[in-house]
Every structure is written in C-alpha cells, then in structure tokens.
Amino acid sequence: MKARIKWVENVCFMGESETGHAVILDGAPDAGGRNLGMRPMEMLLIGMGACTSFDVVTILNKARQPVTDCVAEITAERADSIPKVFTKIHVHFVVTGRQLSAVQVERAVKLSAEKYCSASIMLGKAAEVTHGFEIVEAAV
C-alpha cells in the first residue's frame, strides 16, 4: 500500500491514495491553518471507524441479517502532553434493520474488534479500544 502527501500551503496538505482518491487535511487557525479540511488525527479515527464498520456490515450481511443502516459513533481521549496520542477510543455502533439478532450483531462487533479490523487492532496496541452497540428496529 502506498500514499502520497503533498504540501499545499501553510499547514494544509493533500493526501492521495494509490487508488487515486484524494483528501485535503488542514490545521486549526491557531496552528497556521485555514480549517480547509480534517485534522490528521480526525482522519485516523475516521479510518478506524470505516474499517470496523466495513467488517460489521460485511459479517452481518453474510449472516443474512437484514441491515438497513450502520453508524459508528466514535469518542476518543488523547494524552495531555506531546505526543498527544489516543489513550482511549470507544466505538458505539447503531445498527438498524428488521428483526436483527442481538447475538449476530454482538458477534460481528467482536469479530471486527478481535480479528478483522486492522486499524482498531493496531490502535489498540497504543490505546484502550472498546466497543458497544445498540439495535434500532427499521420502520416498515
């Protein structure tokens, strides 16, 4: 896997993936940025959330669970001093569907957390990563 980060101006950068996708990252105004894009640490959390959500939805679909929506809400705490690494990360899944099995949702979240999600497993080596979920019945 490869990525390329190009400086645009001040503390604004464009990140490009080897698959040809691009994203703008920028700092806060007090750090010399213009608030044109996400902060790098925000991107890290979003990447982890997308990785684990991918797993959860894929596992539930393979288990023939009628998922209609999946939202990962992530809260994180960072160290007070530099390097301001993540110390705690909590991922709360809100999974919507019709008559979803709580056992299957719990299994999907656990498999992602412990076996499949490279991003959360890697971040778990530096921070306490926890997961939770709730099930919402889809409107008919």
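**Exercise 1. How exposed is Arg4, and what does its side chain meet?**

Is Arg4 buried, partly exposed or exposed? Find its salt-bridge partner as well.

*Solution.* Start with the ground rules. This is a predicted model, in which local features need pLDDT of at least 70, side-chain atom pairs count only at pLDDT 80 or more, and totals for chains, interfaces and linings use all residues. Residues are numbered from 1 along each chain as its sequence is written, and side-chain values use heavy atoms, with hydrogens and water left out.

Step 1. Set the classes. Buried means under 20% relative accessible area, exposed means over 50%, and partly exposed lies in between (1.4 Å probe, protein chains only).

Step 2. Place the residue. Arg4 has a relative accessible area of 48%, so Arg4 is partly exposed.

Step 3. Look for the partner. A salt bridge is a side-chain nitrogen of Lys or Arg within 4 Å of a carboxyl oxygen of Asp or Glu. The side chain of Arg4 meets that of Glu16 at 2.9 Å, N to O. Arg4 sits in strand β1 and Glu16 in strand β2, so the pair ties together parts 12 residues apart in sequence. Glu16 is partly exposed too, at 28% relative accessibility.

**Exercise 2. Complete the salt-bridge list.**

How many salt bridges does a search of the whole structure find? Describe the one formed by Arg34.

*Solution.* Step 1. The search finds two.

Step 2. Arg34 bridges to Glu9, with the closest N and O atoms 2.3 Å apart. Arg34 lies in the loop between β3 and α1, while Glu9 belongs to strand β1; this pair links distant parts of the chain, 25 residues apart.

Step 3. Classify Glu9. At 27% relative accessibility, Glu9 is partly exposed.

**Exercise 3. Lay out the fold.**

List the elements from the N terminus on, then give the strand order of each sheet.

*Solution.* Step 1. Count. The protein has three helices and six strands. Helices (H or I, at least four residues) and strands (E, at least two) are DSSP runs, numbered from the N terminus. Their sequence is β-β-β-α-β-β-α-α-β.

Step 2. Take the antiparallel sheet. Two strands pair if DSSP finds at least two bridges between them. This open sheet has three strands in the order β1-β2-β3, with antiparallel pairing. β1 and β3 (22–25) stand at the edges with a single partner strand each, so one side of each has no neighbour in the sheet. Neighbouring strands here are turned by 20 degrees against each other on average, direction ignored.

Step 3. Check one pairing. β2 (residues 12–17) and β3 are antiparallel over four bridges. Met14 has Ile24 as its bridge partner in β3.

Step 4. Take the mixed sheet. Three strands form an open sheet in the order β4-β5-β6, and the pairing is mixed. β4 and β6 (128–137) are the edge strands, each with a single partner, so one side of each is left without a neighbour in the sheet. The twist averages 15 degrees from one strand to the next.

Step 5. Check its parallel pair. β5 (residues 86–97) and β6 pair in the parallel sense over 10 bridges. In β6, Thr130 is the bridge partner of His90.

Step 6. Add the helices. α1 packs on this sheet, touching β4, β5 and β6, and its direction makes about 40 degrees with that of β5. Helix α2 (residues 102–116) lies across β5 and β6 and runs at about 155 degrees to β6. Axes are lines fitted to C-alpha atoms, for helices over the stretch in contact, and angles run from 0 to 180 degrees between N-to-C directions.

**Exercise 4. Contrast two residues.**

Are Ile5 and Gln65 buried or exposed? Describe the surroundings of each.

*Solution.* Step 1. Ile5 is in strand β1 (residues 3–9). Its relative accessibility is 57%, so Ile5 counts as exposed.

Step 2. Ile5, Trp7 and Phe13 make a nonpolar surface patch of about 340 Å². Patches are made of residues with over 30% relative accessible area and no salt bridge; like charges are joined within 9 Å, nonpolar side chains (Val, Leu, Ile, Met, Phe, Trp, Tyr) within 5 Å. Areas come from the Shrake-Rupley method with a 1.4 Å probe; for residues, only the protein chains shown count as cover.

Step 3. Gln65 is in the loop between α1 (40–62) and β4 (67–78). At 12% relative accessibility, Gln65 is buried.

Step 4. List its contacts (heavy atoms within 4.5 Å). Leaving aside neighbours within four places in sequence, Gln65 touches Leu60, Gln99, Leu100, Ser101 and Gln104.
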